[in-house]
Amino acid sequence: MPRALYLDHNATTPLRPVARDAVVAALEVTGNPSSVHRFGREARRVVEEARFAVAELAGVDPSSVVFTSGATEANWAALSGAAVTRRLVSAIEHPSVLAAEGCVPVPVTRAGVIDLEALDRLLAAEPGPALVSVMAANNETGVIQPVAEVAAIAQGHRAMLHCDAVQAAGRLPLAPITGQAALVSLSAHKLGGPRGVGALIVGGDARWRPTLRGGGQELRRRAGTEAVALIAGFGAAARAATNDLDQAGRLCVLRDRMEDAVLTDCADAVVHGRGSPRLANTACISMPGVAAETQVMAFDLAGIAVSAGAACSSGKVAASQVLMAMGVPEDQASTAIRVSLGGQTKPDDIDRFVDEWRTIRARAGQPAFAAA
Ligand code: PMP
């Protein structure tokens, strides 16, 4: 069996030992955080310490952090709870944003960046309170969105801003984002925390109604007994993630070396979003003529984990909706894989990926290999 190499950090990140320890310790805490007795107070302390850590990472007041079951719930709550009549969302948002009822997609440029003029036009086209939702960085291409410009345009139309900052957490400073957006979504498992917990940050000026009702938890903003252990893990991961920004330079060198090697090897390969500001760890690469799913399986047989488009929809055969929205032709979009590096990625791992990429491409001409 080849040694396993994980290059799918945008799908989920390995659990940090400190987060694991925090989860295990909190599992031993008996109380319900809403109970007034000492057991309850102990569980409450665990939750509030984690809230403080997440708030610190996000650069917000702890009272604005609402714990959820993850960013899918946070996105859904943001979009459906906003007290607005119109929802304008960039066309490359996560499905949990795009699924919001009646949302109007805002086009993106070929470079993978929201079209600011189109946003302005769409906001001007109709009256009524509006929400704009734009992600901080795209999960498939890593392209960083111009949140400050989007915020200025939204403000000009008195629209509220929601930002899905899931892929930015631990990779970009969050304070400039939380400083501009009334609502911000985070997910623990993208920064070394456990899966199944996240947060919606609700700013003081947010015109927003809770969507999950039936209990007074989270200051009446999200009903249901808190997932104490997972929240503890989120807090520990958030604390540790404050040091992750230092990794960006090293990851960028590795990622660029990988892309350069692939592009030198194959003039027809395409790196999507390469001309735009991107997360340092993310590459989205089309291998001409080889379906993304075929590549993912071939890499997997070689022990290397990468993904075809968004992991949440892995197993799908359709081309990446993100790339299609960027105007990438379908034959290119259906041959794109995402390679996302992380804290443990080493130069040798990049060499191994590039060697395997070349092998898969060389084998592509053989009859057993399905073409795109
Ligand atoms: N938004 C983005 C940009 C994501 O990458 C993901 C995870 N695929 C989500 C939202 C959903 O997060 P969760 O897994 O916590 O529901």
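**Aromatic pairs, helix H9 and a small sheet**

Let me start with Phe234, which is buried in this predicted model, its relative accessible area coming to 1%. Its partner is Phe67, likewise buried, with a relative accessible area of 3%. To place these two residues, I should say that the count of aromatic pairs comes to 2. In the pair of Phe67 and Phe234, the ring centres are 6.0 Å apart and the planes stand at 65°, and because planes over 60 degrees apart count as edge-to-face, that is how this pair is classed. Phe67 belongs to strand S2, residues 65–68, whereas Phe234 belongs to helix H9, residues 228–241, so that the pair links distant parts of the chain, 167 residues apart.

The other pair is formed by Phe299 and Phe353, and here the rings are stacked, with 4.9 Å from centre to centre and 10° between the planes. Phe299 sits in helix H11, residues 292–301, and Phe353 in helix H14, residues 347–363, so this contact ties together parts that lie 54 residues apart in sequence. Both Phe299 and Phe353 are buried.

Now back to helix H9, the helix that carries Phe234. H9 is made of 14 residues and spans 20 Å from its first C-alpha to its last, which is close to the 20 Å expected at 1.5 Å a residue. How much of H9 is covered? Most of it is, since 11 of its 14 residues are buried, among them Val228, Ile231, Gly233, Phe234 and Ala241. As for what covers them, the buried residues of H9 pack against helix H1 (17–27), helix H2 (38–58), strand S2, strand S7 (183–187) and strand S8 (198–202).

Let me finish with a sheet elsewhere in the chain numbering. Three strands form an open, antiparallel sheet, in the order S9-S10-S12. Which strands stand at its edges? They are S9 (270–271) and S12 (336–340), and because each has a single partner strand, one side of each is left without a neighbour in the sheet. As general background, strands of a sheet pair through backbone hydrogen bonds, either parallel or antiparallel. Strand S10, residues 282–286, is joined to S12 by 5 bridges, with the two strands running antiparallel, and within this pairing Ala283 stands opposite Val339 of S12. Finally, helix H10, residues 248–265, lies across S9, S10 and S12, and runs at about 10° to S10.

Definitions and conventions
Residues numbered from 1 in each chain as written. Predicted model: local features only at pLDDT ≥ 70, side-chain atom pairs only at ≥ 80, totals over all residues. Heavy atoms only, no water. Phe/Tyr/Trp six-rings, centres within 6.5 Å; stacked < 30°, edge-to-face > 60°. Helix = DSSP H or I, 4+ residues; strand = E, 2+ residues; numbered from the N terminus. Buried < 20%, exposed > 50% of the residue type's maximum accessible area, 1.4 Å probe, protein only. Pairing = 2+ DSSP bridges. Contact = heavy atoms within 4.5 Å. Axes fitted to C-alpha atoms, helices over the stretch in contact; angles between N-to-C directions. Expected span 1.5 Å × (residues − 1).
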